[in-house]
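Me: Before I use this model, I'd like to know what stands behind the words people attach to it. Can we go through a few of them?

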Protein chains: 2
Amino acid sequence: MFEHRIFNFAPGPATLPEEVLAQAGPDLLSWQGLGAGVLEVSHRGPAFMQCYFDAIQHLRDLMSIPQNYKILFLHGGAIGQNAAIPLNLMRLGKSGPQADFIISGLWTQKSRLEASKFGTARIAASSDQNQFRQIPERDTWDLSPDSAYVHLCDNETVGGVEFPDAPHVGQIPLVADFSSSILSKSIDVSQYGVIFAGAQKNIGAAGLTIVIVREDLLGYAMPTTPSIWDWQIQAQNDSMINTPCTFAIYIAGEVFKWLKKQGGIPHIEKVNRQKAQILYTLLDNSSLYVNHVDPRHRSKMNIPFFLKDESLNERFISQAAAAGLIGLKGHKSVGGMRASIYNAMSLAGIQSLAEFMQEFERLA
Amino acid sequence: MFEHRIFNFAPGPATLPEEVLAQAGPDLLSWQGLGAGVLEVSHRGPAFMQCYFDAIQHLRDLMSIPQNYKILFLHGGAIGQNAAIPLNLMRLGKSGPQADFIISGLWTQKSRLEASKFGTARIAASSDQNQFRQIPERDTWDLSPDSAYVHLCDNETVGGVEFPDAPHVGQIPLVADFSSSILSKSIDVSQYGVIFAGAQKNIGAAGLTIVIVREDLLGYAMPTTPSIWDWQIQAQNDSMINTPCTFAIYIAGEVFKWLKKQGGIPHIEKVNRQKAQILYTLLDNSSLYVNHVDPRHRSKMNIPFFLKDESLNERFISQAAAAGLIGLKGHKSVGGMRASIYNAMSLAGIQSLAEFMQEFERLA
């Protein structure tokens with residue numbers, strides 16, 4: 001490891017594979033022997049187009065994305081897609097623009113609020129009564145047959161809850177925000193109509209948004225859909241109706257290659273389970289730390305926890321930083337601590353954190 | 001100069017200052033001694049927030065942006081703003097959503113088409129009858145007092161026409177696309193209501209969009225404006241209602257510092273004039289090359305030219321590449337050649353190109 005690198009548990013932007021970053025440096029000055037860096041070449045030139053198509057193919061391979069799904073690399077983050085999704089899909093509602101939302105935390109609340117600008121954004125289920133400590137139980141969902149789609153967030157980074165698998169919702173397309181769990185585990189893409197994700201957690205650089213959309217859902221955009229978010233137009237133009245985030249696409253491609261080299265999703269999923277288990281076991285056996293999430297719905301990417309004696313919070317953060325462990329402060333809306341442990345967080349990082357936490361508890 | 005770098009005349013993404021790129025490499029692995037790279041740190045953490053505020057201040061200094069203008073760093077490119085501008089401003093129209101467009105080439109045509117999704121997008125003037133070889137003469141503009149704003153593109157990269165200065169349009173806010181000319185010359189910001197620009201030409205990395213907006217124009221967004229493009233909301237949240245393009249903001253800040261070190265706008269404007277003059281003088285004295293643009297409106301950033309014998313085009317491109325001069329192919333819609341010579345293109349690069357062109361003509 002590069003000697004000055006530390007363990008960074010930030011929720012996103014987040015730690016990235018060191019070998020990808022080490023390669024990116026020289027590529028900024030001259031990429032592929034071109035004499036110009038990756039930031040400087042035309043997005044429509046042969047070198048970058050190859051980089052784009054390779055990245056698409058790597059993602060298709062890694063996630064086993066069926067051929068009847070388009071992969072788009074867009075601008076605007078997942079919050080941008082919170083508008084783009086209703087703009088592209090809500091017209092599929094049987095009696096006017098409408099969609100159902102499964103509210104499991106902050107991100108689905110935000111998604112629903114944005115969607116309500118464009119039509120009826122129904123709360124089909126919510127776990128707010130349980131302080132978002134679980135995914136709403138499937139048998140409580142009140143889905144409308146008139147809705148264009150059902151929106152959920154696979155993994156809520158703030159509350160630390162994660163869907164154990166894709167819920168069955170019948171014929172209505174399932175639209176899922178995978179910003180914080182994409183590529184962290186195997187998923188059956190065919191269970192979803194749309195999968196979308198900001199890139200700044202498991203994929204790379206902030207600015208890039210991945211949209212994976214089933215082809216039969218293209219072509220229904222409202223006339224007021226901004227062109228850069230019209231999925232059909234972007235699908236017909238290789239995501240390039242304007243200059244895409246070229247550097248973020250390059251980084252994504254390199255991260256995909258890195259992931260393949262690690263052994264792909266089957267390998268990383270195993271490591272991710274192991275990483276999460278180390279921390280949850282520690283939390284469950286601790287008399288200082290506590291995690292409140294329903295064990296069935298615990299996130300393997302974001303592990304929020306609290307010190308039972310909150311007066312120790314500041315000391316915990318500062319001693320952790322001194323031990324080379326940063327980014328552990330919990331989201332401002334809930335407080336406490338949070339360890340975000342995406343694909344690029346190594347087992348060694350988890351072990352360091354666990355050792356620190358045990359030592360801190362021992363001395364507390 | 002890094003030994004393998006060549007001269008890159010691509011229209012954008014485009015060549016960047018080598019010293020900025022050389023610094024960015026190490027910063028990807030560890031930035032500001034943090035032990036984490038610039039891609040990996042939280043956008044809301046103290047290091048990145050300082051980087052953001054510094055970049056804003058550098059831009060304000062460089063362009064002498066008055067205090068009653070907000071500077072936003074957004075997602076989605078200038079093409080994204082083609083939707084965001086009418087969404088934010090068209091409601092200011094006196095008898096319904098309406099805006100005026102000065103059509104001077106491909107980019108203003110695109111901007112108008114996108115705006116027409118949200119209201120009446122009037123053609124107040126157009127130079128299409130002159131194959132966009134000039135800016136429409138000011139005395140032909142048919143401005144409507146009912147329009148919310150007048151939209152123009154300061155520099156059209158495809159046709160190679162540039163406004164010599166800000167036109168007078170009375171009280172109606174002037175909205176100007178400066179994607180290809182921002183920071184290339186001194187401009188009087190107070191003459192504009194809104195200045196916007198994609199970053200991938202004079203500022204840095206594709207993905208970042210700069211919006212400079214007079215404060216009294218905030219607060220009129222249509223209810224269907226996506227949150228990430230609601231200028232007022234973004235102004236109240238330091239451009240961070242979602243994760244911004246952190247790397248592109250970092251690069252922008254470094255380019256701003258580089259530009260200050262060069263002597264700021266007064267210096268770069270002088271160099272840019274000199275660079276353009278070398279090439280236009282060559283073109284005007286050539287019997288092989290020709291530029292068709294009205295000399296009053298010739299761009300100092302993008303210089304399109306044609307070989308009178310078009311059968312030589314391919315040889316020109318390949319010999320130029322062999323001489324270390326790339327990115328010279330003209331836009332597909334007009335053909336021929338184009339030298340894009342933004343701030344980071346050195347005088348040495350222009351001299352190399354000029355020597356190559358003269359030698360090519362001599363041997364042709």
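Reply: Let's start with "contact": two residues are in contact if their C-beta atoms, placed from the backbone, lie within 7 Å. Keep in mind that this is a predicted model.

Me: So how many residues of chain B are in contact with chain A by that rule?
Reply: On the chain B side there are 57 residues, and they touch 57 residues of chain A. Helices H1 (18-29), H3 and H6 (246-262) of chain B are the elements that each give two or more residues to that side. H1(B) gives the most, with seven residues.

Me: What classes of residue make up the side of chain B that touches chain A?
Reply: You get 29 nonpolar, 24 polar and four charged residues there. If you count for yourself, remember that Gly goes with the polar ones.

Me: Why are the two copies said to be related as by a two-fold rotation axis?
Reply: Chain B lands on chain A after a rotation of 180° with 0.0 Å of shift along the axis, and the RMSD is 0.0 Å. A half turn without shift is what a two-fold axis does, so the two copies are related in that way. In chain B, Gly25(B) has the C-alpha nearest the axis, 1.8 Å from it. The same surface serves both copies, too: 100% of the contact residues of chain B recur in chain A.

Me: How do you know that the span of H3(B) agrees with its number of residues?
Reply: H3(B) runs over residues 77-89, which is 13 residues. The expected span is 1.5 Å times one less than the number of residues, so it should come to 18 Å, and the end C-alpha atoms are indeed 18 Å apart.

Me: Where is the kink in H3(B)?
Reply: At Ala83(B), shortly before the proline Pro86(B), with a bend of about 30°.

Me: What makes H3(B) "mostly covered"?
Reply: A residue is buried if 20 or more other C-beta atoms lie within 10 Å of its own. In H3(B), 13 of 13 residues are buried, hence the label.

Me: And what makes E10(A) count as paired with E2(A)?
Reply: Pairing needs at least two bridges. E2(A), residues 69-75, and E10(A) have seven, in the antiparallel sense, so they pair. E9(A), residues 194-198, also pairs with E10(A) in the antiparallel sense, over five bridges.

Me: Which residues stand opposite Ile212(A) in these pairings?
Reply: Ile71(A) stands opposite Ile212(A), and Ile195(A) is also a bridge partner of Ile212(A). E10(A) itself, residues 208-214, has six of its seven residues buried.

Terms used:
Residues numbered from 1 in each chain as written. Chains lettered and ligands numbered in written order. Predicted model: local features only at pLDDT ≥ 70, side-chain atom pairs only at ≥ 80, totals over all residues. Helix = DSSP H or I, 4+ residues; strand = E, 2+ residues; numbered from the N terminus. Bend = angle between axes of the 7 residues up to and from the residue. Buried ≥ 20, exposed ≤ 12 C-beta atoms within 10 Å, placed from the backbone. Least-squares fit on C-alpha atoms with pLDDT ≥ 70 in both.
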